[in-house]
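Hi,

Here is the structure I said I'd pass along. Have a look, and my notes follow underneath.

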Amino acid sequence: MMKKAVLAGFMALVTAAALGGCGSKPASSTSSQAPAAVSSSVPSEAAPASQPASSQAQTDKEPVTILVAAAASLEYSYTEQLIPMFQDQYPWITVEGTYDSSGKLQTQIEEGLEADVFMSAAMKQMNALNDEGLMASDSIVELLENKIVLIEPSGSEKFSAFEDIVNADMVAIGDPESVPAGQYAKEALTNLGLWDAVSAKMSLGTNVTEVLGWIAEGSADAGIVYATDAATTDQVRVVAQAPDGSLAEKVIYPVGVTANSAHPEEAKLFTDFLASDEALAVFEEYGFSPNV
C-alpha cells in the first residue's frame, strides 16, 4: 500500500509538470511563430525579383549596334533624350547616330552607308531612296511636322516680318541642292517673289546647323532655318514663320528602316519607339509637332 501511495504521488507530480509544460507552450509557440512569419514574408516581398530576372534575360541577348542616319535638326533631341530613353528600355541595343543634311545622308546611303534607320527632314530624300529599293517601304512613317522661320542674331530686332529678308545685307540658308531647309527656303522665297532679290546676297550652308551658327555669331544678319533649330539657342531671335501658302506642302519628317539593314528587328524597335507617345512628347519639347 505504501508503494502504491508513493507511486500515485509520483504520477501526480508528473501529471502536474506535464500540465505546467502545456500551459507554457502558447507563449513559446507565439515566440517561435514570429520569426516564421517574417521568414514566410520574404518570398512575397522578394516576388518582384522576377522582374529583374526578366531584365537580366534581356541583357543576356546578344549585343547589337544599329546606326541611325538622321537630319541635323534631329541631333539634339536624339542625343540628349531619345537614344538614352530607348537604350534604357532595350539595354542590349546600342544606337549610334550620324547627323547631316538629308541630301548628304541620302547620297551616303546610296553609296553604301550601312545605316539601319533613316530619318530625313523632307519627303524628297525618303521617297528617292524608297524608289531605289533602299528602304523597307512598309516601315516608312511620316512622323513629324516642322516649320521654317526667319531668324536674326539676338538683340538685333532689325526685321519684323518674313518678307523683311530682302532688307538683309547677308542672308544664310541651307544649300537648296542638298539641304531640305534650304529647299523649303527657296520655295517660300520664290512663291513670295523674293528669290531673285535675295539670292544675290546669299551664303549657302552645308546643313541647317551651320546656318544657325552663322546667324548666332553674326556672320549673316538674317537666315532661314527650322523652328526647332532656332529653339536650341538663345543667340538667335525668331522674326516670323514662313507665311501661309508660301509652301505647297507641310514640312514633314519621315522615318523608316533601310532595306539592307543588318539588324531590321532592332531597327524596327527603334522606329516604333520614335512613334510612341513618350517619344513624341520629347519631340514636342524640341519644337516638333506630331504629323496627324
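Just after H11, Gly287 has a positive phi of about 100 degrees. This is a predicted model, so to speak with its own filters: local features need pLDDT of at least 70, side-chain atom pairs count only at pLDDT 80 or more, and totals for chains, interfaces and linings use all residues. Residues are numbered from 1 along each chain as its sequence is written, and side-chain values use heavy atoms, with hydrogens and water left out.

Back to helix H11 (residues 277-285; helices are DSSP runs of H or I with at least four residues, strands E runs of at least two, numbered from the N terminus). Its buried residues (under 20% relative accessible area, 1.4 Å probe, protein chains only; exposed is over 50%, partly exposed in between) are Ala279, Leu280, Val282 and Phe283. Down the axis of H11 they fall within an arc of 155 degrees (directions from the helix axis to the C-beta atoms), so they line one face of the helix. Asp277 and Glu285, on the other side, are exposed. The cover over the buried residues includes helix H3, strands S3 and S4, helix H10 and strand S11 (contact means heavy atoms within 4.5 Å).

Then there's an open, mixed sheet of 5 strands, ordered S7-S6-S8-S5-S9 (strands pair if DSSP finds at least two bridges between them). S7 and S9 stand at the edges with a single partner strand each, so one side of each has no neighbour in the sheet. S5 and S8 pair antiparallel over 4 bridges, and Ile151 stands opposite Gly223 in S8.

Cheers
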